[in-house]
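Colleague: Could you walk me through this one, a question at a time? I'd like to see how you get to each answer.

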Amino acid sequence: MASKKHSRFIDWVNGDTAEKVHEYKFIQKTVPPHSEQAHDEVISTRKARLFNISYEISAVLVCVILVAVLLFTVFNLPLFGSAGNPASNEVAERYLEKGLEETGAVNAVAGMILDYRAFDTFGESSVLFIAVGCVMILLMRDKNNISATEDSLEENERLIEIETNDPILQKIVLLIVPCIFLFGIYVILNGHLSPGGGFSGGAIMGAGLILFAVSFGIDAMQSFFSIKTFKAITTTALMCYATLKAYSFFMGANGLETGIPLGTPGAILSSGLILVLDICVGLIVACTMYGFYSLFARGDI
Amino acid sequence: MVRDIIGLVLIGLGMFMILTAIVGVFKFRYVLNRMHASALCDTLGLLLVIAGLIVILGINAQSLKMMLITVFMWLASPVMSHLIARAEVMTHAHIKDECEEINQCQSK
């Protein structure tokens with residue numbers, strides 16, 4: 001006689017373990033949209049029209065000025081291949097020769113982007129942060145910008161999504177997602193020892209988050225990654241980066257004393273602040289990737 | 001020397017599989033037929049090419065990584081094909097004209 005375990009196995013072979021999905025009735029409710037009169041009144045006033053005209057004129061002006069400045073800069077760049085170029089001066093040599101003892105990163109690229117050129121990387125992280133902020137302003141679902149009809153449509157879509165969740169996909173995703181996260185964490189933590197670092201590792205982790213959200217739906221995702229966690233992680237990582245690096249901007253390129261030894265090949269805790277900065281960048285990139293997907297797909301995180 | 005020849009033969013077989021898949025993808029016209037053809041590429045083609053590379057390199061860290069690539073591709077690619085086929089069956093209005101077996105599947 002087969003024990004309980006074996007009968008479960010037989011059920012599994014026969015494919016009967018998938019729970020019976022509740023039947024949903026997809027009824028299209030017709031709800032009147034939120035009133036739009038107040039919005040029209042504001043636009044029709046004279047002040048608002050003046051504002052619109054001046055807004056367009058100033059936008060064109062800003063664009064023209066920006067184009068002029070950039071073109072002027074391009075014409076003043078040094079000629080290609082001349083001996084006085086920044087590319088052929090002593091900076092590159094110094095990065096390669098002194099990089100290990102000054103930054104502590106065995107991987108010279110990590111030392112460059114997170115120590116010598118940390119300000120540049122800070123700008124890139126801020127660009128990601130601002131971009132996700134703008135997408136939130138434009139696409140975040142809100143009572144003010146979504147009518148009730150659209151809301152009920154969205155709710156219907158969510159129910160269809162729940163009903164059509166695929167057990168095959170979910171089983172495989174449960175196998176693969178931990179591996180993706182492990183690889184992403186490995187790439188981030190080894191950024192100062194081997195090729196990799198915050199941006200690539202963050203992108204891998206973001207892809208893992210997106211895969212999980214696609215296969216399990218937003219409800220499962222929000223149980224551990226809601227808008228609150230998103231905001232907390234992104235702002236904390238960016239502020240952490242800013243504080244750590246602002247210190248060395250104001251102290252004449254002297255980094256904070258961390259007590260972490262510099263430049264031992266193979267040891268993860270061996271590069272001063274670079275490991276911490278890598279983790280910050282990785283968190284920002286992972287959250288931003290997932291935030292973009294989620295906002296574009298359903299206007300919510 | 002012998003190892004190189006075995007490896008090259010395996011890689012050649014894999015390349016032939018991938019070529020077959022490409023011909024199939026361009027020859028067939030319907031989605032499900034094309035998927036059936038392209039499945040050769042990322043299962044058997046990939047396996048043969050990577051097996052050839054492992055035979056040439058011998059067992060070391062690199063070949064372990066290549067085996068991992070095979071494992072993950074074999075996990076991910078059938079699921080992906082399944083999802084595409086499912087989307088096609090669910091959204092195609094006249095699926096019974098294209099595929100006779102579908103009636104049987106749905107009545108189960």
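Colleague: Is Arg141(A) buried, partly exposed or exposed?
Modeller: Keep in mind that this is a predicted model. Buried would need under 20% relative accessible area and exposed over 50%. Arg141(A) comes out at 25%, so we call it partly exposed.

Colleague: Which residue does Arg141(A) meet in a salt bridge, with N to O at 2.6 Å?
Modeller: Opposite charges can pair up when their charged atoms come close. The partner sits in helix H7 of chain A, while Arg141(A) is in the loop between H6 and H7, 10 residues apart. That partner has 40% relative accessibility, so it counts as partly exposed too. The side chain that Arg141(A) meets belongs to Asp151(A).

Colleague: Which residues are joined into one network by salt bridges that share partners?
Modeller: We already have the pair Arg141(A) and Asp151(A). Bridges with shared partners tie these two to one further residue, so to speak, and the network reads Arg141(A), Asp151(A) and Glu154(A).

Colleague: How far along helix H7 of chain A are Arg158(A) and Glu155(A) separated?
Modeller: These two form a salt bridge, with the closest N and O atoms 3.2 Å apart. Arg158(A) is partly exposed at 27%, and Glu155(A) is partly exposed at 38%. Because they are three residues apart in the helix, their separation is about one helical turn.

Colleague: Which residue of chain B forms a salt bridge with Asp166(A)?
Modeller: Asp166(A) is buried, with a relative accessible area of 6%. It lies in the loop between H7 and H8 of chain A, and its partner lies in helix H3 of chain B, so the pair joins two chains. The partner is partly exposed at 25%. With closest N and O atoms 3.1 Å apart, the residue is Arg86(B).

Colleague: Which helix gives the most to the largest nonpolar core?
Modeller: That core has 21 residues, and Met221(A), Phe225(A) and Tyr290(A) are among those with the most contacts inside it. Helices H6, H8, H9 and H11 of chain A each give two or more residues. With six residues, the top contributor is H9(A).

Colleague: How many residues are in the other core, the one apart from it?
Modeller: Look for Ala105(A), Leu114(A), Leu238(A) and Leu244(A), which are among its members. The count for this core is 15 residues.

Colleague: Within what arc do the buried residues of H5(A) fall?
Modeller: The buried ones in this helix are Ala110(A), Gly111(A) and Leu114(A). They pack against H4, H6, H10 and H11 of chain A. Looking down the axis, you'll find them lining one face of the helix, because they fall within an arc of 100°.

Colleague: How many helices does chain B have?
Modeller: Read from the N terminus, its elements run α-α-α-α-α. There are zero strands, and the helix count is five.

Colleague: What accessible area do the residues of the nonpolar surface patch on chain B have together?
Modeller: The patch is formed by Met1(B), Val2(B), Ile5(B), Ile6(B), Val9(B) and Leu13(B). Take Val2(B), found in helix H1 of chain B: its relative accessible area is 59%, so it's exposed. Together the patch residues have about 620 Å².

Note on methods: Residues numbered from 1 in each chain as written. Chains lettered and ligands numbered in written order. Predicted model: local features only at pLDDT ≥ 70, side-chain atom pairs only at ≥ 80, totals over all residues. Heavy atoms only, no water. Helix = DSSP H or I, 4+ residues; strand = E, 2+ residues; numbered from the N terminus. Patch = residues over 30% accessible without salt bridge, like charges linked within 9 Å, V, L, I, M, F, W, Y side chains within 5 Å. Areas by Shrake-Rupley, 256 points an atom, 1.4 Å probe, with all protein chains shown as cover. Salt bridge = Lys/Arg side-chain N within 4 Å of Asp/Glu carboxyl O. Buried < 20%, exposed > 50% of the residue type's maximum accessible area, 1.4 Å probe, protein only. Core = buried A, V, L, I, M, F, W, Y, C linked by side-chain atoms within 4.5 Å. Arc of directions from axis to C-beta. Contact = heavy atoms within 4.5 Å.
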